Every structure is written in C-alpha cells, then in structure tokens.
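Subject: Structure handover

Hello,

Here is the structure I promised to pass on. Please open it beside this email and follow along.

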Amino acid sequence: MISLKSAREIQMIREAAEVLKKIFAKVKPAVKAGVSTEELDALAEAVIRKAGGEPAFKGYRGFPKTACISLNEEVVHGIPGKRRLKDGDLVSFDIGAKVDGYYADAARTWGVGNLDENKKKLIETARGAFQAGLAAYRPGCRIGDLSAAIQTFIEAEGYQVVRDYVGHGIGRALHEDPQVPNYGRPGQGPKIEAGLVLAIEPMVTEGNYQVETLEDHWTVVTKDRKLSSHYEDTLVFTEKSYINLTGE
Ligand code: MG
C-alpha cells in the first residue's frame, strides 16, 4: 500500500535528509588511501547521534553497522570493517537515518585518489541515470516512466543496470511501497502523486548486471566481479514537480 505523506511528515523526513547531507559532507573528504571502512562508518554514526537520530541500517535484519560501504565489484550492502582503502578504489557509501520516527536514505560512489576514465564514467553514469529518471517526470506520470529513462541512460553509456535491487517508497519505514525499478517500460507501474516520497537508487555495472551475495550473507557483488557504482537520493513529489531532499 502506498502512503502519501502530509506536510508535517515531509518536514520530519527532511530533518532525516539533512542529517544525511551532513554525513556526506563529513565522509567524502575522509575517503582517502589508508582509511578503513570502519573509520568512515564511525564518522557517519557520530553525525547521526549528534543530531539525535538513529542509524536506520544498524540492526535492520541484523545488519551490524551504520553505513553500507561497498568497494569496487561490490554493489551494495558491504559491511564496514578493518579493510583499508587503496588508490583507485571505488567506494559506494549508502546511508540511512531515522530522526523522530521518520527515515531518509541516500548513497554516493566516490573514488580514492586517481581514477581512470572508465571508473570516472561509471560514477557519473549512476548520478546521470538518477537525473535522467527525474528528467522524465511529468505531472501524472508513472513510476515506469522514470524506470525506463534510467535504464535507457545507463545502457546508452555501454553499461548495465542491476535488476535484483530497486528503489522504494520511504518515510515511516525504511522500505515502503512502491518499488522503483531502475529498468522497465514507460506508462507502467503506479502513478506518481503529490506527497509520494521515494528513494530512487540506480546501480550500474561495468559488465553483466547479474549479482550474487557473498558468504557474509550481506555483501552483494557482480557475478563477473566487474566494477559497480550506485547513486541514491530521497525525494518528495509535489503537485507539479519534486524536491530532492538529500541532493546537493
Ligand atoms: Mg535505498
């Protein structure tokens, strides 16, 4: 069931979204060779606690940390730990916060040190696909209109789009209806109405889009072990447009 949010609820989600923006501002400059993913996770948790919020992922189905930090061929749900970043790594940093009972969710992929052109393009394609999805928005359109635009953008860049993980409604829970696939056909899926809050999150693969989960039961990697990137923001749709709550 899709729940449309009131102005008061949107304000609460905005507060959680503001915390995520602060986290990105703090963590992005700390992404350097030699830093452990656990250290980045601790920075994120400190920002959330200082704001009086709670990490949305910690304890979610038993996830042990605040952020999901996935490197290189890892797509999503990587567990922060002792591993240290190396020059050329791709770092996908996915973070959720709960403030006064309301949730926001966002992700970025950053590079460590010097990246080759392919890695830079992979990062830009995830962000570009997100923007292409929103560019397809028209009042009264359907989720499928955005999904199709995201897929078209990614495939035109010569990459593929992950099917097994999709965007979602968000607000009173971390994951709400509707699902927001990053592939599909225009005109399909639920209508986008005022008060709908979505986390839209394309995941791009350098090679084939198929993924699998490692033995830690969390880390999702590309089956062919080629690189991946991720971009996610939480946004609210209004009568005729939308507001990106976690965007720059
Ligand atoms: Mg999400």
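Below is what I found, taken one region at a time.

One caution first. This is a predicted model.

**The hairpin**

Start with strand 4, residues 90-99. Strand 4 pairs with strand 5 in the antiparallel sense. The pairing runs over 10 bridges. Look for Ala97 and you will see Ala104 of strand 5 standing opposite. The two strands form a hairpin, with 2 residues between them. Asp100 sits in that turn and has a positive phi of about 50°.

Now look at strand 5 itself, residues 102-111. How many of its 10 residues are buried? The count is 9, so strand 5 is largely enclosed by the rest of the structure.

**The magnesium site**

Next, find the magnesium ion. Which protein residues are its donors? They are Asp105 (OD), His168 (NE2), Glu201 (OE) and Glu232 (OE). These donors lie 2.2 to 2.4 Å from the ion. Along the chain, their spacing reads D-x62-H-x32-E-x30-E. Asp105 belongs to strand 5, while Glu232 lies in the loop between strand 13 (228-230) and strand 14 (233-237), so this pair ties together parts that are 127 residues apart in sequence. Asp105 and Glu232 are both buried.

His168 deserves its own stop. You will find His168 in strand 7, residues 167-169. Is His168 buried or exposed? His168 is buried, because its relative accessible area is 4%, and the cut-off for buried is under 20%. The side chain of His168 also makes a polar contact of 3.1 Å with the side chain of Asp105. So two donors of the magnesium ion, Asp105 and His168, are joined to each other by their side chains as well.

His168 has further contacts, leaving aside residues up to four places away in sequence. Among them are Leu174, His175, Val180, Val197, Leu198 and Ala199. Glu201 and Glu232 are on that list too, and both are donors of the ion.

Pro178 also touches His168. Pro178 is part of strand 8, residues 176-180. Check the peptide bond that joins Asp177 and Pro178: it is cis, with omega at about 0°.

**The aromatic cluster**

Now turn to the rings. Searching the whole structure gives 8 aromatic pairs. One of them is Phe24 with Phe93. Their arrangement is edge-to-face, at 6.3 Å centre to centre and 70° between the planes. Phe24 lies in helix 1 (residues 7-27) and Phe93 in strand 4, so the pair ties together parts that are 69 residues apart in sequence.

Phe24 also pairs with Trp110. This pair is edge-to-face as well, at 5.8 Å centre to centre, with 85° between the planes. Again the link joins distant parts of the chain: Phe24 is in helix 1, Trp110 is in strand 5, and they are 86 residues apart.

Put the three together, and Phe24, Phe93 and Trp110 form one aromatic cluster. How buried are they? Phe24 is buried at 7% relative accessible area. Phe93 is buried at 0%. Trp110 is buried at 9%.

**A charge over rings**

Move on to Arg163. The charged end of Arg163 sits over the ring of Tyr183, 5.4 Å from the ring centre. Arg163 also lies over the face of Tyr209, at 3.9 Å from that ring's centre.

**Two arginines with positive phi**

Two more residues are worth a click. Arg61 is not a glycine, yet it has a positive phi of about 50°. Arg61 lies in the loop between strand 1 (54-55) and strand 2 (67-71). Its relative accessibility is 71%, so Arg61 counts as exposed.

Arg225 is not a glycine either, and its phi is positive at about 60°. Arg225 is in the loop between strand 12 (220-222) and strand 13. With a relative accessible area of 40%, Arg225 is partly exposed.

**Where to begin**

If time is short, begin with strand 5. Strand 5 pairs with strand 4. Asp105, a donor of the magnesium ion, lies in strand 5. Trp110, part of the aromatic cluster, is in strand 5 too.

Best wishes

Conventions
Residues are numbered from 1 along each chain as its sequence is written. This is a predicted model: local features need pLDDT of at least 70, side-chain atom pairs count only at pLDDT 80 or more; totals for chains, interfaces and linings use all residues. Side-chain values use heavy atoms; hydrogens and water are left out. Buried means under 20% relative accessible area, exposed over 50%, partly exposed in between (1.4 Å probe, protein chains only). Helices (H or I, at least four residues) and strands (E, at least two) are DSSP runs, numbered from the N terminus. Two strands pair if DSSP finds at least two bridges between them. Donors are N, O and S atoms within 2.8 Å of the metal (3.2 Å for Na, K and Ca); water is not among the atoms, so sites may look incomplete. Rings of Phe, Tyr and Trp (its six-membered ring) pair if their centres lie within 6.5 Å; planes under 30 degrees apart count as stacked, over 60 as edge-to-face and the rest as tilted. A charge sits over a ring if NZ of Lys or CZ of Arg is within 6 Å of the ring centre and within 35 degrees of the ring normal. A polar contact is a pair of N or O atoms within 3.5 Å; within protein, one must be able to donate a hydrogen and the other to accept it, and residues adjacent in sequence count only if both atoms are side-chain atoms. Contact means heavy atoms within 4.5 Å.
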